[in-house]
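Please open the structure in a viewer and keep the sequence panel visible. The tour proceeds by selections, each followed by a description of what is found there.

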Amino acid sequence: MQQLIDATKDNDLTTPQQGANLRFRVVHALELVQDAIAISLCIGLFCVMVLQMKEIFLSLLTTLHFHEITADILFILILVELFRLLIIYLQEQRVSIGVSVEVTIVSVLREVIVQGLLEVEWKQILATCAFLVALAVLLIVRVWLPPTFEGIDPEQKASLRIKKR
């Protein structure tokens with residue numbers, strides 16, 4: 001029993017260096033898991049794109065339904081943009097606001113095209129237009145947002161508060 005207590009004391013994270021080292025390893029492991037998830041999503045999206053392309057080519061050979069083919073092509077464009085979003089995430093470890101908004105705009109427009117503008121109620125058309133205007137404003141405002149928050153370091157402010165105590 002005494003050996004177990006001594007071993008526990010030896011492994012105790014009493015120094016800040018050991019605690020920071022453990023925290024770094026845990027965060028690094030979690031980032032690797034996130035990267036693995038993003039890579040698996042990329043592979044899945046690529047497979048779905050290949051299957052969708054196969055369906056489009058088969059439908060082009062049999063019968064021409066312009067409405068369905070257009071919806072399928074827009075769907076593939078959405079998948080391509082999502083793939084690009086995941087690639088940006090893997091490269092820069094952040095989600096791109098611009099690409100996210102672009103994917104959303106294309107998705108909304110695809111739904112409008114699939115449903116047909118004449119079959120939709122006027123309230124839903126107004127809501128869709130308002131949503132698209134909000135997304136357009138977000139794209140415009142994104143230009144003025146700083147790409148990173150270089151001047152803001154919350155950890156530094158917190159450590160200064162702790163030192164003052």
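The stops below move from annotated segments to helix pairs and then to nonpolar cores. Please bear in mind throughout that this is a predicted model.

**First stop: the annotated segments**

Select residues 32–51, 71–89, 95–113 and 125–145, which an unreviewed UniProt entry records under the feature "transmembrane region". Now restrict the selection to residues 71–89: this stretch is 100% helix and 0% strand, and its end C-alpha atoms lie 27 Å apart. Next, take residues 125–145, where the chain is 86% helix and 0% strand, with 30 Å between the end C-alpha atoms.

**Second stop: α3 and α4**

Select α3 (66–92) together with α4 (residues 97–115). At what angle do α3 and α4 pack? The angle is about 165 degrees, and the axes of the two helices are 10 Å apart. The two helices are therefore roughly antiparallel to each other, since angles over 145 degrees count as such. The crossing of α3 past α4 is left-handed.

To display the contact, show the residues on each side. From α3, the participants include H67, F75, E81, R84 and I88. From α4, they include V99, E102, V103, S107 and R110.

**Third stop: α4 and α5**

Keep α4 and add α5 (residues 122–142). These helices pack at an angle of about 160 degrees, with an axis separation of 10 Å. That angle makes α4 roughly antiparallel to α5. Their crossing is left-handed.

Among the α4 residues that make this contact are I97, G98, V101, T104, I105 and Q115. On the α5 side, Q124, T128, F131, L132 and R142 are among the residues involved.

**Fourth stop: the nonpolar cores**

Which residues form the largest nonpolar core? Select A38, C42, L45, M49, L79, L86 and Y89, the seven residues of this core. Both α2 (16–62) and α3 (66–92) supply at least two residues each. The greatest contribution comes from α2, with four residues.

Apart from this core lies another, of five residues, including I78, I88, V99 and V103. I78 and I88 also belong to the α3 side of the contact with α4, while V99 and V103 belong to the α4 side.

**Last stop: A38**

Finally, centre the view on A38, a member of the largest nonpolar core. Which residues does A38 contact when its neighbours within four places in sequence are left aside? They are L86, Y89 and L90. L86 and Y89 are also listed in the largest core.

Notes:
Residues are numbered from 1 along each chain as its sequence is written. This is a predicted model: local features need pLDDT of at least 70, side-chain atom pairs count only at pLDDT 80 or more; totals for chains, interfaces and linings use all residues. Side-chain values use heavy atoms; hydrogens and water are left out. UniProt positions are given in the numbering used here, feature names are shortened, and annotations may be inferred rather than shown by experiment. A nonpolar core is a set of buried Ala, Val, Leu, Ile, Met, Phe, Trp, Tyr and Cys residues joined through side-chain atoms within 4.5 Å. Buried means under 20% relative accessible area, exposed over 50%, partly exposed in between (1.4 Å probe, protein chains only). Contact means heavy atoms within 4.5 Å. Axes are lines fitted to C-alpha atoms, for helices over the stretch in contact, and angles run from 0 to 180 degrees between N-to-C directions. Angles under 35 degrees count as roughly parallel, over 145 as roughly antiparallel, 65 to 115 as roughly perpendicular and the rest as oblique. A crossing is left-handed if the near helix is turned anticlockwise from the far one by less than a right angle, and right-handed if clockwise.
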